[in-house]
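Student: Please take me through the salt bridges in detail. Start with whichever pair you like, and then connect its helix to the rest of the model.

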Amino acid sequence: MAFAGLAWLLGAEREWEIVTILVGFLAVLVVLDRTQPGRAVAAACRAERSVANATAVIATLVVLWTFREEHFALLMVATVALSATACVGLNIQMAFGGIANFAAAAFFTLGAYTAAVLTGHTALPHLLVLAAGGAVTSVLGLVLLLPVLRTRGHYVALVTIAFGLLLRNLLEVNDTFGGPQGMKIPAFAPFGFDFGTITSIAGIEVSFYLPYALAAAALFGMAFLAARCLELSWIGIAIDAVRTDPIAASTFGLSPARWKATAFLIGNAMIGVAGALYGMMNGFVNPNGAGFGESLTLISIVVLGGLGNLWGTVAASAVVLALPEKLQPIQEYRLLIFAAVVIAILRFRPGGLLPRPLRVLGSRDGVEA
């Protein structure tokens, strides 16, 4: 149902259609949350996660093929998928590890700059360039670990905000990385297939954004699977325990510093990989992407989607990123409508679109509503 709504939103051109989709989306959330049949459907989806995930994969492929010739729609899908991938990493940091990272956009941009440098000055295969984007952001994240691990609460947020501002200023004054104008990035070309030149598949005309949308969806799927396995493993239990009560966790032999560092570095790796692919899709990167406002956008996606719920990042990314673009024809009111939608969602679902279920040890999948 959610993917059908997304497909309708991508294809909607008239304002009344967009408003109808929003009202219908909110109505579905209310039904799922406040009626017995709705709660039963939600519980069934949680109980049969493999079926729900397989359905989501099939629905994604159907949506992509439906809009195979639409440049803008596929660009929006790819952007939503890559932002959701970065927010999966941010969820690991904030929801799992309890680290308020207000420099997510800075690490996202670092991944893109890594792709720009490696593709422009080396012959490294592009799949390894993506991996390098994650590795570089993780390594540079070590710079933040010492002050982050020695502070807590809003002081952690201040440290990450300062890092993001510092990185942006350094990129703007450094001519090696293009200064304020940034750097160009060649198109993604895994195994020699240049995504920028693909215009048809099996004789069927397609947009050159279709391969990017498929790659972005695949990247989100891998990040989703990795984060889900992490959440259900003993590592996820340790990270959750440290976030919930560091002192109690320490008495059981768990090191808060070690597990917070683990969550921070894993999250940064995912953010960096998503940033690298995003940069190659757009063909350029500049320091503006590392701004504080962009980091707030990513955090708003995590909060609006539901802290710790990985599917919630997809729904929230669509609301935060795609909705304002679809409301471009009514420039004067688009931000007003967008703000009203966000307030309405948080008013009726304060835990986000899809709140994270409570973890119950011993249950079949590790969590329970």
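**Salt bridges and the helix around one of them**

Tutor: Glu172 has 26% relative accessibility, so it counts as partly exposed (buried is under 20% relative accessible area, exposed over 50%, partly exposed in between, with a 1.4 Å probe and protein chains only). This is a predicted model, in which local features need pLDDT of at least 70 and side-chain atom pairs count only at pLDDT 80 or more, while totals for chains, interfaces and linings use all residues. Residues are numbered from 1 along each chain as its sequence is written, and side-chain values use heavy atoms, leaving out hydrogens and water.

The partner of Glu172 is Arg168, and their side chains form a salt bridge at 3.3 Å, N to O (a side-chain nitrogen of Lys or Arg within 4 Å of a carboxyl oxygen of Asp or Glu). Arg168 is partly exposed too, since its relative accessible area is 27%. Both residues belong to helix α8, where four residues, about one turn of the helix, separate them. Helices here are DSSP runs of H or I with at least four residues, strands are E runs of at least two, and both are numbered from the N terminus.

The structure has three salt bridges in total. Another joins Glu231 to Arg228 at 3.0 Å, N to O. That pair sits in helix α9, residues 209-232, with a spacing of three residues, about one turn of the helix. Glu231 counts as buried because its relative accessibility is 4%, and Arg228, at 14%, counts as buried as well.

The remaining pair is Asp240 and Arg243, whose side chains meet at 2.4 Å, N to O. They lie three residues apart, about one turn, in helix α10, residues 234-244. Asp240 is buried at 7% relative accessibility, whereas Arg243 is partly exposed at 31%.

Back to α8, which spans residues 154-173 and packs against helix α6, residues 104-121: their axes come within 10 Å and cross at roughly 35° (axes are lines fitted to C-alpha atoms over the stretch in contact, and angles run from 0 to 180 degrees between N-to-C directions). From α8, the contact (heavy atoms within 4.5 Å) uses Phe163, Gly164, Leu167 and Leu171; from α6, it uses Ala106, Phe107, Thr109, Leu110 and Tyr113. Seven of these residues are nonpolar, two are polar and none is charged (Ala, Val, Leu, Ile, Met, Phe, Trp, Tyr, Cys and Pro count as nonpolar, Asp, Glu, Lys and Arg as charged, and the others, Gly among them, as polar). The salt-bridge residues of α8, Glu172 and Arg168, are not among the residues listed for this contact.

For the chain as a whole, there are 15 helices and six strands. Of its 369 residues, 47% are buried. Among contacts between residues at least 6 apart in sequence, 76% join residues at least 24 apart. Against that background, the three salt bridges each lie within one helix: the Glu172 pair in α8, the Glu231 pair in α9 and the Asp240 pair in α10.
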